[in-house]
Amino acid sequence: MTRALKLLAVAVAALALSGAVATAANAPAQKTKSKPKEVTVADFYFGPEKLTLKKGQSVNWVWAESNTYPHDVHLKSGPKGLKGKASYSTKTTAVTSAEFEKTFTTPGTYHFICTIHPTLMHMTIVVKK
Ligand SMILES: [Cu+2]
């Protein structure tokens, strides 16, 4: 093995080690919070179109990299007395490279649309008590 190769091997080993340490340090935090459910925002659908959550679970909308049109996530209707309604909608549209995460703490039925393609892109989220 040449000197340069040896140095490279040491650097790779160090990187792998630091990665392992970081993963171990993050593990307890991941246990306390359940992973968000992922919804794909694509031309021209939300996938899946229906989700059932437990109170306190989160949804992460992820814009597909294959998109060629802009989309948003907009709360059309939610449970009665829902507070902070505006926080359930994105403020802008995006084509790709975007995510929107929201935690649901109020039980009930939520209807979401893309305001640009409301007849094609709609989804329902039911939050159980
Ligand atoms: Cu759209």
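What pattern does the protein follow when you read along the sequence? It goes α-β-β-β-β-β-β-β-β, and the tally is one helix and eight strands. Bear in mind as you look around that this is a predicted model.

Let's start with β1, which covers residues 37–42. A hairpin of two residues links β1 to β2, and β2 itself takes in residues 45–47. The two strands run antiparallel, with three bridges between them. To find your place in this pair, look for Thr 40, which stands opposite Gly 47 in β2. β1 also has a partner further along the chain: five bridges join β1 to β4, and here the strands run parallel. Lys 37 is a handy marker for that pairing, since Val 59 in β4 stands opposite Lys 37.

Now swing over to the open sheet. It is built from four strands, and if you walk across it you meet β3, β8, β7 and β5 in that order. The pairing is mixed. At the edges sit β3 (50–54) and β5 (74–77), each of which pairs on one side only. Ignoring direction, neighbouring strands in this sheet are turned by 30 degrees against each other on average. At the β5 edge, three bridges tie β5 to β7, and these two run antiparallel. A good spot to check this by eye is Ser 77, which stands opposite His 111 in β7.

What about the inside? Nonpolar side chains tend to be buried together in soluble globular proteins. The largest nonpolar core in this model has 16 residues. Val 39, Val 41, Phe 46, Phe 112 and Ile 125 are the ones with the most contacts inside it. Four elements give two or more residues each to this core: β1, β4 (58–63), β7 (108–113) and β8 (122–128). So the core draws on β1 and β4, which pair with each other, and on β7 and β8, which belong to the open sheet.

Phe 46 is worth zooming in on. Leaving out residues up to four places away in sequence, Phe 46 touches Val 39, Val 41, Phe 112, Met 121 and Met 123.

Finally, step back to the whole chain. Of the 129 residues in the protein, 16% are buried. As for how far apart the contacting residues lie along the chain, take the contacts between residues at least 6 apart in sequence: 60% of these join residues at least 24 apart.

Key. Residues numbered from 1 in each chain as written. Predicted model: local features only at pLDDT ≥ 70, side-chain atom pairs only at ≥ 80, totals over all residues. Core = buried A, V, L, I, M, F, W, Y, C linked by C-beta atoms within 7 Å. Buried ≥ 20, exposed ≤ 12 C-beta atoms within 10 Å, placed from the backbone. Contact = placed C-beta atoms within 7 Å. Pairing = 2+ DSSP bridges. Axes fitted to C-alpha atoms, helices over the stretch in contact; angles between N-to-C directions.
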